[in-house]
Amino acid sequence: MMRSRFRGHTIAIGVAAVALTLGVFRGAAPAVAQGSGMPRTTDGKPDLSGVWQVMNTAIWDILDHGAQPGVPAGQGVVEGNELPYRPEAEAKKLENYKTRLTADPESQCFLPGVPRATYMPFPFQIVQTPSQVTILYEYAHTVRHLFMNSPHPRGPLYWWMGDSRARWDGDTLVVDVTDFNDQTWFDRAGNFHSDALHVVERYTPQGTDHISYEATIEDPKVFTKPWKMSMILYRHMAKGARLLEYECFSW
């Protein structure tokens, strides 16, 4: 029997409340300062607010992959197109692949984790204030709060989406994410991590309608060295662009 297995930190009404409180539920492009070529907030920071989405196949496999039944071919997003697995972790990855249709946490409607939430095949909305950036994901009402210029709480916490602390490095928003559990994967191909995962994200605007996204991955329990993925986020330009309702169901 089909049943819902929602695993969000908040319910849909909470998502709507956050967006409506800040008055940016719709995805219209922010105003651009004359001659700047880049939208900015009143405090001079790049304005990342809006509805965004990737255009890649990383959800299926973050590495280069050929077409398979039900899986489109795609180019990878990992620098060097290789993951530096430890030998024992490589064996687990292969086992994950064999059982991916049922073992992937996404198939059970769990939260996607970071950075996977970024390249899920659903839009997400960035809501920005000087003290906090909130990301609202259409997938399963997922919400992330990126707290500006503050330390991580004392852990470990073992959260599905980790704990996110952000700062500005010039025009790049840098987000340090720690305190994960080990229950999420990077993709549907079985690439995985442990609870030692540490992610550093970099959001760099490229004009008004594109953001360069990078995520550096470090996990000494699974990988022999850090590695990086990168992709472009595209602004939804349709009039009235906004997040819609999505409920995940597992069988």
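## A barrel of nine strands

Nine strands close into a barrel in the order 2-3-4-5-6-7-8-9-10, and the pairing is mixed. From one strand to the next, the twist averages 30°. This is a predicted model, so keep that in mind as you turn it around on your screen.

Let us begin with the whole chain. The protein has three helices and eleven strands. Reading from the N terminus, the elements follow the pattern β-α-β-α-α-β-β-β-β-β-β-β-β-β. Of the 251 residues, 47% are buried. The accessible surface comes to about 12,300 Å², and carbon and sulfur atoms account for 55% of that surface. How many of the contacts between residues at least 6 apart in sequence join residues at least 24 apart? The share is 59%.

### Walking around the barrel

Strands of a sheet pair through backbone hydrogen bonds, either parallel or antiparallel. Both kinds of pairing can be found here, as the next three pairs show.

Begin with strand 2 (residues 50-54) and strand 3 (residues 124-128), which run antiparallel and are joined by three bridges. In this pair, Val51 of strand 2 stands opposite Gln125 in strand 3.

Further along the barrel, strand 4 (residues 132-137) pairs with strand 5 (residues 143-148), again in the antiparallel sense, over five bridges. Here Leu136 stands opposite Val143 in strand 5. These two strands form a hairpin with five residues between them, and within that hairpin Ala140 takes a positive phi near 55°.

In which sense do strand 5 and strand 6 pair, parallel or antiparallel? Strand 5 and strand 6 (residues 163-169) pair in the parallel sense, over three bridges. If you look for Met148, you will see it opposite Ala166 in strand 6.

In a regular strand the side chains alternate between the two faces of the sheet. You can try following that pattern along the strands in the view above.

### A closer look at the loops

The loops reward a careful look too. Thr142 lies in the loop between strand 4 and strand 5. Is Thr142 buried or exposed? Thr142 has a relative accessible area of 1%, and because buried means under 20%, Thr142 counts as buried. Leaving aside neighbours within four places in sequence, Thr142 is in contact with Leu111, Pro112, Ile135, Leu136, Tyr137 and Met161. One of these, Leu136, is the residue that stands opposite Val143.

The loop between helix 3 and strand 3 holds several residues to find, among them Cys109, Phe110 and Pro115. Cys109 has a phi near 70°, a positive value in a residue other than glycine. Phe110 and Thr184 are 74 residues apart in sequence, yet their C-alpha atoms are 8.0 Å apart in space. As for Pro115, the peptide bond that leads to it from Val114 is cis, with omega near 10°.

A cis bond also turns up in the loop between strand 5 and strand 6, where Pro156 has its place. The bond from Gly155 to Pro156 has an omega near 5°. Asp179, in the loop between strand 7 (172-178) and strand 8 (198-205), has a positive phi of about 60° although it is not a glycine.

Here are four buried loop residues side by side.

| Residue | Loop | Relative accessible area |
|---|---|---|
| Cys109 | helix 3 to strand 3 | 1% |
| Phe110 | helix 3 to strand 3 | 14% |
| Thr142 | strand 4 to strand 5 | 1% |
| Asp179 | strand 7 to strand 8 | 15% |

### Empty spaces

Rolling a probe the size of a water molecule over the atoms shows where empty space is left. How much space lies in the largest pocket? The largest pocket holds about 370 Å³. Its lining counts 16 residues, and those nearest its centre are Trp60, Arg100, Leu101, Asp104 and Arg188. Helix 2 (87-98) and helix 3 (100-103) each supply at least two residues of this lining.

The structure also holds one cavity of 30 Å³ or more. About 30 Å³ of space lies in this largest cavity. The residues that line it are Met38, Pro39, Asp47, Leu48, Trp52, Pro205, Gly207, Thr208, Ile211 and Arg235. Two of them can be placed on strands you have already met: Trp52 falls within strand 2 (residues 50-54), and Pro205 falls within strand 8 (198-205).

Technical notes:
Residues numbered from 1 in each chain as written. Predicted model: local features only at pLDDT ≥ 70, side-chain atom pairs only at ≥ 80, totals over all residues. Heavy atoms only, no water. Helix = DSSP H or I, 4+ residues; strand = E, 2+ residues; numbered from the N terminus. Buried < 20%, exposed > 50% of the residue type's maximum accessible area, 1.4 Å probe, protein only. Contact = heavy atoms within 4.5 Å. Areas by Shrake-Rupley, 256 points an atom, 1.4 Å probe, with all protein chains shown as cover. Pairing = 2+ DSSP bridges. Axes fitted to C-alpha atoms, helices over the stretch in contact; angles between N-to-C directions. 1 Å grid on protein atoms, 1.4 Å probe; cavity = no way out; pocket = protein on both sides within 12 Å on 5 of 7 lines; lining within 4 Å. Points joined across faces, edges and corners; volume = space filled by probe spheres on them.
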